[in-house]
Amino acid sequence: MSNPVINYFAEFKVLKSASKDFWLTNAIQFFDGLAYFSMITVLSLYFTVNCGFNDVDSGAWVGIYTLYITAFVFAVGSICDVIGIKKSYFIGIGLLAVARLGLGVMPTFANHELHLGFGGLGNGWLAFDYVTGSRQLGVKGFVIIMALGTAFMAPVTMTSLRRFTSKKVRATGFNVYYLLMNIGAIIAGALVIDGFRTGFPGTAALLTRIGVPLPQGALDLLGKGFGDVTGNLAIFDFGFAMSLAALACVALINEDNWAEPEERSSGANESKRPLAIFMEVWKESAFQKLLLFLVLTIGVRLVFTHQFLVMPKYYTRVLSSDFELGLANSINPFIIVVGLIVLIPVINRFATVKLIIIGMAISAFSLVFMAVPLDWIMALPFIRNVQQAYFFIIISQILVFALGELIFSPRFTEYIASVSPPDKVSSYMALSALPTFISKPINGFVSGILISRYCYDGIRPKIETGNIDYNHSPEFMWMIYLGLAVMSPIAVIVMRNFITSKTSPAAETPAEEPAA
């Protein structure tokens, strides 16, 4: 029996022939991923700590951010098909650079009051708090700009990956893309987030002990970081630097390099308006079935948004405010990277939709750990206190969810790209965001309400004393989310034959035959 790891890398040898444009696309995604994953983890905390939003408003604006992404994606998808890969990348990443820099510096310019004079009002001056006024207004503006830039990234990246990979290696190419994306997520979590916010006290102590000649200020910064306030701003400034690196890669891409010459665009789209392409896609049977499929998967796909909407505040409130968010969020992508290496040779032999269903079911099941009553976890023989119980809950959920994600996500993205006509990949990717256009912002608003009711600041002492029942606990919040998540795999199983009939032949064949 052959070694699965050897088989896995044997598959990857076919990428020796991949063009530099394929690798440049992955480099762009890697740099942008470093910025995105570090930003999205602290975004809700940034709104609260740096901008003065309450829990409800913080959740609402994360939801608004995702709402604008999906709203803009509808327009930019067809625009990308018309203007091409390089122009789309330049526009999208340029907007991200402006927004990330703005969010990184805006709060630092808002530390005083702005006074406007109105006669007859007290002493003739009406004071407006610049911190809660202009700061929040400026932040909201930059968030919308960031959403527009983000909207360009997914459609144009999927178009690039499909264009720069042949049919023989396309599934492997998507594996590489997802592998590098998760390596970026590991670095963002383990190094960027914790490095800027909490530092690495163990590393600083080791360097001091072995006598590495570093200035004391540098050692203090390494050991303590910038703290949660300045650290959040530094993360956005880091994102600006990553945007510049991505722009350098875009400049080197040759977008006319088609790996499959027969997929080369006829140029018909160049004479069409984006709205005309939009309407063509909307009427196609393949897209209508894809849209139904996406609607059915909403429940479990929302679990992915919990990682940045709910988890940061859940972690810091049931454990402690100095909980290492970056380290916790790096566990998931680390498991995915290892899992891709170990499992891809096995799971590539199964039909795509079957893998999607299995991955969804596992991802939904991960919420069971967080939804069961805390007393059940406390009854386990190796759990001695509440801190250990929540640590066990969180780690268990992360591990199981990661297994589901590594099975589900690569195949899910490949499925959308595979059923799309070659000259309309960006349009399909854009319009496929329609279900999330509705669900994500709703989830943003709902998450803020649920957190403020079931996982509010100061709930830990009540949990410690047992002065809280299940119906008012964080576990009840997760039971609500669990109920939504389990509906997705059930719905796809029920509608599977209709979704995969005729128009989606790739869905019912293995993702890629392993290389000999």
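This report describes the overall make-up of a predicted protein model, two helix packings and three single residues.

## Overall make-up

The protein chain has 516 residues, of which 53% are buried. Its secondary structure consists of 22 helices and two strands.

The chain exposes about 21,400 Å², and carbon and sulfur atoms contribute 68% of that area. Among contacts in the chain with a separation of 6 or more, 84% are between residues 24 or more positions apart.

## Helix α22 and helix α11

Two packed helices are described by the angle between their axes and by the distance between those axes. Helix α11 spans residues 285–296 and helix α22 spans residues 474–499; the two pack at an angle of about 165°, and their axes are 9 Å apart. Angles over 145 degrees count as roughly antiparallel, and α11 and α22 are therefore roughly antiparallel to each other. The crossing of α11 past α22 is right-handed.

On the α11 side, the contact is formed by Lys289, Leu292, Phe293 and Leu296. On the α22 side, the residues are Ser488, Ala491, Val492, Met495, Phe498 and Ile499. By class, the residues of this contact of α11 with α22 are eight nonpolar, one polar and one charged.

## Helix α22 and helix α15

Helix α22 also packs with helix α15, which covers residues 352–365; the axes of the two come within 9 Å and cross at roughly 160°. That angle makes α15 roughly antiparallel to α22. The crossing of α15 and α22 is left-handed.

From α15, the residues in contact are Val353, Lys354, Ile357, Met360, Ala361 and Ala364. They meet Leu482, Ala485, Val486, Ser488, Pro489, Val492, Ile493 and Arg496 of α22. The contact of α15 with α22 divides into 11 nonpolar, one polar and two charged residues. Ser488 and Val492 of α22 take part in the contact with α11 and also in the contact with α15.

## Pro474 in α22

Pro474 belongs to helix α22. Its relative accessible area is 0%, and the cut-off for a buried residue is under 20%, so Pro474 counts as buried.

Outside its neighbours within four places in sequence, Pro474 contacts Tyr314, Val318, Tyr390, Tyr454, Cys455, Ile459 and Ile463. One of these partners, Tyr454, is 20 residues from Pro474 in sequence, and the C-alpha to C-alpha distance between the two is 5.0 Å.

## Glu405 in α18

Glu405 is part of helix α18, which runs over residues 386–418. With a relative accessible area of 10%, Glu405 is buried.

When residues up to four places away in sequence are not counted, Glu405 touches Tyr178, Phe304, Asn332, Ile336, Ser363 and Pro410. Among these partners of Glu405 is Ser363, whose position falls in the range of helix α15, residues 352–365.

## Ala241 in α9

Ala241 is located in helix α9, residues 227–250. Its relative accessibility is 36%; partly exposed residues lie between the 20% and 50% limits, so Ala241 counts as partly exposed.

Ala241 and Ala35 are 206 residues apart along the chain, and their C-alpha atoms are separated by 8.6 Å.

Conventions: Residues numbered from 1 in each chain as written. Predicted model: local features only at pLDDT ≥ 70, side-chain atom pairs only at ≥ 80, totals over all residues. Heavy atoms only, no water. Axes fitted to C-alpha atoms, helices over the stretch in contact; angles between N-to-C directions. Helix = DSSP H or I, 4+ residues; strand = E, 2+ residues; numbered from the N terminus. Parallel < 35°, antiparallel > 145°, perpendicular 65-115°, else oblique. Left-handed = near helix turned anticlockwise from the far one by under 90°. Contact = heavy atoms within 4.5 Å. Nonpolar A, V, L, I, M, F, W, Y, C, P; charged D, E, K, R; others polar. Buried < 20%, exposed > 50% of the residue type's maximum accessible area, 1.4 Å probe, protein only. Areas by Shrake-Rupley, 256 points an atom, 1.4 Å probe, with all protein chains shown as cover.
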